[in-house]
Amino acid sequence: MENKYDVVIIGSGLGGLSCGATLAKAGKKVLVLEQHELVGGCATCFKRKGMLVDAGLHEMDLGSEKTDMKHIIFKKLELLEKITLVPLPSAWSIKVLDSKSLESENFLIPHKDTKKALIEYFPKDEKDIKSYFKKINFQAKLNYKFPFDMSFFEFFFAPFHTLFFLVLSAIRQRKVGTMLNALIKNPKLKKILNINLAYYHYDSFKFNWNYHSVAQTNYYNQGVYIKGGSQSLSDALASIIKENNGDVKTRADVKEILLDKNKAVGVLYKDLKDKNLKKILAKNVVANCDPRIVYEELLKTNTKLQVKKNFEAKTSLLSVYMIFDTNLSQKFKSMDYSTFCVDKEYFDKPFDQNSEDMLALDIEKRNFVFVNYSKIDSGLSDRDDRYLGVITTISSYEEWDNLDENEYKAKKERVKKALEKRLDEFFPSIMSYCIHSELATPKTIQRYTRTKKGVPYGWDQNLEGFFARTAFKSKAVKNLYFASAFTFVGGGFTGALLSGYRTARKMLDPYFYPRRLSLCVLFGTAASMLIINALKFFF
């Protein structure tokens with residue numbers, strides 16, 4: 001069975017959905033094929049004990065319109081008419097526990113007044129704190145718009161106020177650990193400013209400064225949750241595609257990208273409902289999946305193709321999904337929405353390469369974040385005896401590889417119990433209200449998303465710019481594009497949304513840069529001639 005589309009998208013992660021929605025809104029006939037029964041990839045929800053469990057979203061950063069490009073996507077796709085953003089009470093809290101005395105030190109990190117709050121905690125470090133915020137705010141403002149969203153004059157003057165600094169930043173490739181050491185003297189303050197490292201990376205001294213600056217600036221402005229869970233966001237994007245003459249098919253497992261010589265012309269997929277193979281013809285193919293799957297598995301007629309750059313893919317997550325029969329916010333009045341639980345032993349260590357590689361720490365003793373969804377109107381449950389809580393910490397596929405089935409299950413149970421025990425130390429008796437818990441590893445992420453090594457953030461964010469990610473367009477196969485966390489700008493919910501949107505805009509207007517640059521040259525030449533003639537007239 002053959003059908004003709006403008007674009008067929010392999011995978012329905014946020015990158016694929018935002019790409020598809022942008023293309024569909026522009027009048028392109030789009031088909032999204034998803035092997036799972038739910039759309040969304042990591043942005044999905046599943047049911048347990050009579051409520052929804054969010055597989056991936058704890059909070060989403062929402063910066064001002066001067067620093068956060070998501071506002072442009074929301075407006076262009078009219079997305080805010082379909083989802084409800086729930087503001088979170090604070091950026092997060094940090095609870096530092098002495099495991100021997102069980103005494104704790106607590107830090108509340110608020111939105112907007114973050115700098116002021118940190119100065120109150122660390123008055124001797126006021127100058128360093130101000131310097132840090134000045135640096136990250138400047139870096140974030142450099143990334144405020146894609147060039148194709150700029151007005152003519154914004155684009156014309158960009159080389160003077162934006163492009164120079166972005167190029168300089170890309171050349172320098174600064175790391176978070178190095179920058180914090182250069183800006184901050186107090187090691188505890190450095191750890192606080194980098195407490196949510198697991199949202200991005202496993203090693204502060206490998207993680208790129210630009211990504212840290214943009215995301216932290218936006219988190220400090222406002223964190224939000226999507227009511228009804230991340231599935232609501234994925235479903236909203238899918239509905240935009242359907243409402244604009246597109247299709248979204250689940251249980252559709254793509255087996256091959258069809259080529260005519262070196263040009264992508266469609267896909268062959270297996271319909272997991274009727275078990276039949278089906279062929280789809282399309283003018284363009286977009287891969288919303290691990291690029292290695294594309295080159296190693298889907299391009300069967302040319303086995304020589306491969307991902308050219310040797311990117312690292314190691315950063316993954318471990319999560320304990322927990323159902324409670326009691327509203328935790330009522331039992332633990334001071335508990336925040338997000339609480340980073342930190343051992344004092346780690347907190348007292350110097351901030352250096354020995355202490356900031358999280359994967360070098362014992363998996364059962366790593367810092368973790370506990371998310372208390374009962375703190376907000378999450379929309380995950382309509383019952384008064386079902387509330388979600390999630391423990392999340394950093395992990396890697398290698399920590400769970402080369403184990404037989406029994407060893408894997410035993411390790412999962414051991415790690416889950418260790419993390420639950422530690423949570424009970426941070427919040428005494430909390431586990432007495434837990435009626436269900438299950439642990440998801442990088443292997444779990446791999447099983448549901450098929451991403452190799454279960455890396456939800458795509459390539460590790462060691463570098464920035466075009467050096468850090470797969471290009472939006474294949475150089476080896478014509479009409480083959482990429483839109484995912486692996487693609488520039490990539491990483492996390494925000495990065496995946498931006499990546500898909502960017503790929504769609506580049507597909508829709510492939511001649512934007514030569515056309516706009518030509519106009520700038522003409523305008524600059526004309527303006528220069530007018531200025532020269534005016535000077536001659538007066539002088």
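Domain bounds here come from an automatic or database domain assignment. The model is predicted, so local features need pLDDT of at least 70 and side-chain atom pairs count only at pLDDT 80 or more, while totals for chains, interfaces and linings use all residues. Residues are numbered from 1 along each chain as its sequence is written, and side-chain values use heavy atoms, with hydrogens and water left out.

**Exercise 1.** Find the domains of the chain and say which residues belong to each.

*Solution.* Begin with domain 1, which is made of 4–50, 230–311 and 455–508. Next, domain 2 takes 58–228 and 314–449. Finally, domain 3 covers 511–538.

**Exercise 2.** Describe how Arg48 and Glu438 are paired, and where each sits.

*Solution.* Step one is the rule: a salt bridge is a side-chain nitrogen of Lys or Arg within 4 Å of a carboxyl oxygen of Asp or Glu. Arg48 and Glu438 fit it, with N to O at 2.6 Å. Step two is location: Arg48 lies in strand β3 (residues 45–48) and Glu438 in strand β18 (residues 434–440), so the pair links parts of the chain 390 residues apart. Strands (E, at least two residues) and helices (H or I, at least four) are DSSP runs, numbered from the N terminus. In total, the structure holds 34 salt bridges.

**Exercise 3.** Arg386 forms a salt bridge with Asp385; is Arg386 buried or exposed?

*Solution.* First, the scale: buried means under 20% relative accessible area, exposed over 50%, and partly exposed in between (1.4 Å probe, protein chains only). Arg386 has 14%, so it counts as buried. Its partner Asp385 has 25% and counts as partly exposed. The closest N and O atoms of this pair are 3.4 Å apart.

**Exercise 4.** Work out what kind of interface domain 2 and domain 3 make.

*Solution.* Start with contact, meaning heavy atoms within 4.5 Å: eight residues of domain 2 touch eight of domain 3. Then take buried area, the accessible area (1.4 Å probe) that two parts lose on being put together, summed over both. The two domains bury about 730 Å², 84% of it on carbon and sulfur atoms. In domain 2, Phe152, Phe155 and Phe156 lose the most area to domain 3, together 68% of what that side buries. Last, look for salt bridges between domain 2 and domain 3: the count is zero.
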